[in-house]
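Reader: I am new to reading protein models, and I would like some help with this one. Could we go through it together, one question at a time?

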Amino acid sequence: MPVIKVEDIAHVRFAAPDLSVMRGFLEDFGLACFEEGGRLYGKASDGRPFVHVTEPGEARFLAVGLRAASIADLERLATHEGVAPEPLDEPGGGMVVRLTDPEGYLVEVVAGQECQPPTPLPEPQFNCAAAKPRQRAPVRLEPAPAHIRRIGHAVLRVSDFRTSERWWKDRFGLLTSDEVEAAEGVPLGAFMRCDRGDIPSDHHTIFLAQLPGKPGLLHAAFEVESLDDLMLGHEHLKSRQREAAWGVGRHIMGSQIFDYWKDPFGNELEHWTDGDLFTAADPPQKQTMQALLAVQWGSPHPMFAGKMAPPPGLVAFVTAMLLRLKRLFSRTPKEA
Ligand SMILES: [Fe+2]
């Protein structure tokens, strides 16, 4: 049994040397920004006090926040870790338990935050051949930044997937949706979702990926209102000369329609819409690395953009070899 079952991701936290530069980008990206206590906060329309925080300092990723179901859960987690819940001195208040994972990531588990009522969403009115809910009303879209509803997930690069997976699952009750293998028996990482029983949960809330390179946040993702909203957001970011990273396309694992952008400090943020949801009854799946890099439609992964794409099988083979070598050299003499 895990110590607790978290409900969702709560926020991502960064440091940046110039909050106004970050704010300019976040407003183009579609977050409502405000400053308080010397920090910059980005809010979505779900009524939660914040989903993105920037503190002054050298540009870097600082922490990922998870939402516990109750203060009682926070206390259970704190007892397990031998720490105490602390008041969360930020907009919305509440309590926080701060933990450090095996990779050194700061994880801020929050509960009891004061929320506002969510902003009402427009009715879905997308005509398709099977159903035409929009009648006697033309489509007239206003150019604007995307409308971000909520934060959806974070992807963290790890150096030892199994160790990190154990730590996150044992504490937060995460379930694997898709485990990705570079080759058979060589796990690369897993898309993990929250266990909310019968309540459908996003395909992934945390993705731990053992990819070559230094540990760090690979991206944080934010759900927008619809495909139209995502595309208008794309046009807006492009018109503001922001740096596109990957998209638009539709993923295989999670099925989201995605659009990735870089903030001015090199952090990658994603807009997505129309993702998969699963309940606790849905079993984990195994997937190949090829399926991770491929798209159902849209832009190829930037690793392949503008070049002759190496066969995905070759990419998977090289990654599997690197992982096997790492496994070999990281064994203790007794294991070997
Ligand atoms: Fe993503």
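The questions below move from the whole chain to single residues.

Reader: What kind of model is this, and how many helices and strands does it have?
Author: Good place to begin! This is a predicted model. Its secondary structure comes to 6 helices and 20 strands.

Reader: What radius of gyration does the protein have, beside that of a compact globule?
Author: The C-alpha atoms fill a box of roughly 70 × 50 × 45 Å along the principal axes. For 336 residues, a compact globule would have a radius of gyration near 20 Å. The protein agrees with that, because its own value is 20 Å.

Reader: Among contacts between residues at least 6 apart in sequence, how many join residues at least 24 apart?
Author: These contacts show how parts of the chain that are separated in sequence meet in the fold. Of the contacts between residues at least 6 apart, those joining residues at least 24 apart make up 67%.

Reader: Which strands stand at the edges of the open sheet of 8 strands?
Author: Let's read along the sheet: the order is β2-β3-β4-β1-β5-β8-β7-β6, and the pairing is mixed. Two of these strands have a single partner each, so one side of each is left without a neighbour in the sheet. The strands at the edges are β2 (32-36) and β6 (86-87).

Reader: Which residue stands opposite E36 in β3?
Author: β2 and β3 (residues 39-43) pair in the antiparallel sense, over 5 bridges. Opposite E36, in β3, stands R39.

Reader: Why are the buried residues of α2 on the same side of the helix?
Author: The buried residues of α2 (residues 71-81) are D73, L74, L77 and A78. In general, an α-helix has 3.6 residues a turn, so residues three or four places apart point the same way. The buried residues of α2 are on the same side because they cover an arc of only 135 degrees.

Reader: What covers the buried residues of α2, and which residue follows the helix?
Author: The cover includes β7 (95-100), β8 (106-111) and α3 (161-172). Just after α2 comes a residue with a positive phi, near 70 degrees, and that residue is G82.

Reader: How many residues of β17 are buried?
Author: β17 (268-273) has partners that run in both senses. β14 (residues 216-224) runs parallel to β17 and is joined to it by 4 bridges, while β16 (residues 257-262) runs antiparallel and is joined to it by 6 bridges. β17 is largely enclosed by the rest of the structure, because the buried residues number 5 of the 6.

Reader: Which residues in β17 stand opposite F222 and F258?
Author: We can take the two residues in turn. F222 stands opposite H271, and the bridge partner of F258 is W272.

Reader: Which residue in the turn between β16 and β17 has a positive phi?
Author: β16 and β17 form a hairpin, with 5 residues between them. In that turn, phi is about 90 degrees at G266.

Reader: Is H219 buried or exposed?
Author: H219 is found in strand β14. Its contacts, leaving out residues up to four places away in sequence, are V155, Y260, E268, L269 and E270. Since 20 other C-beta atoms lie within 10 Å, and 20 or more is the cut-off, H219 is buried.

Reader: Which residues does A154 touch?
Author: A154 is one of the residues that touch the most other members of the largest nonpolar core, which has 75 residues. Leaving out residues up to four places away in sequence, A154 touches I9, V12, V64, I206, L217 and A220.

Reader: Is Q241 buried or exposed, and what about D274?
Author: Most residues other than glycine have a negative phi. Q241, in the loop between α4 (227-239) and β15, has a positive phi of about 55 degrees, and D274, in the loop between β17 and β18 (277-278), has a positive phi near 55 degrees. Q241 has 7 C-beta neighbours inside 10 Å and so counts as exposed. D274 has 15 other C-beta atoms within 10 Å, which means that D274 is partly exposed.

Reader: Which residues are joined by a cis peptide bond?
Author: Here is one last detail to look for. Most peptide bonds are trans. In this model, a bond with omega of about 5 degrees is cis; one of its residues is found in strand β15 (residues 243-251), and the pair is G247 and V248.

Methods: Residues are numbered from 1 along each chain as its sequence is written. This is a predicted model: local features need pLDDT of at least 70, side-chain atom pairs count only at pLDDT 80 or more; totals for chains, interfaces and linings use all residues. Two strands pair if DSSP finds at least two bridges between them. Helices (H or I, at least four residues) and strands (E, at least two) are DSSP runs, numbered from the N terminus. A residue is buried if 20 or more other C-beta atoms lie within 10 Å of its own, exposed if 12 or fewer, and partly exposed in between; C-beta atoms are placed from the backbone. The arc is that of the directions from the helix axis to the C-beta atoms. Two residues are in contact if their C-beta atoms, placed from the backbone, lie within 7 Å. A nonpolar core is a set of buried Ala, Val, Leu, Ile, Met, Phe, Trp, Tyr and Cys residues joined through C-beta atoms within 7 Å. The radius of gyration is taken over C-alpha atoms; the globule rule is 2.2 Å times the number of residues to the power 0.38.
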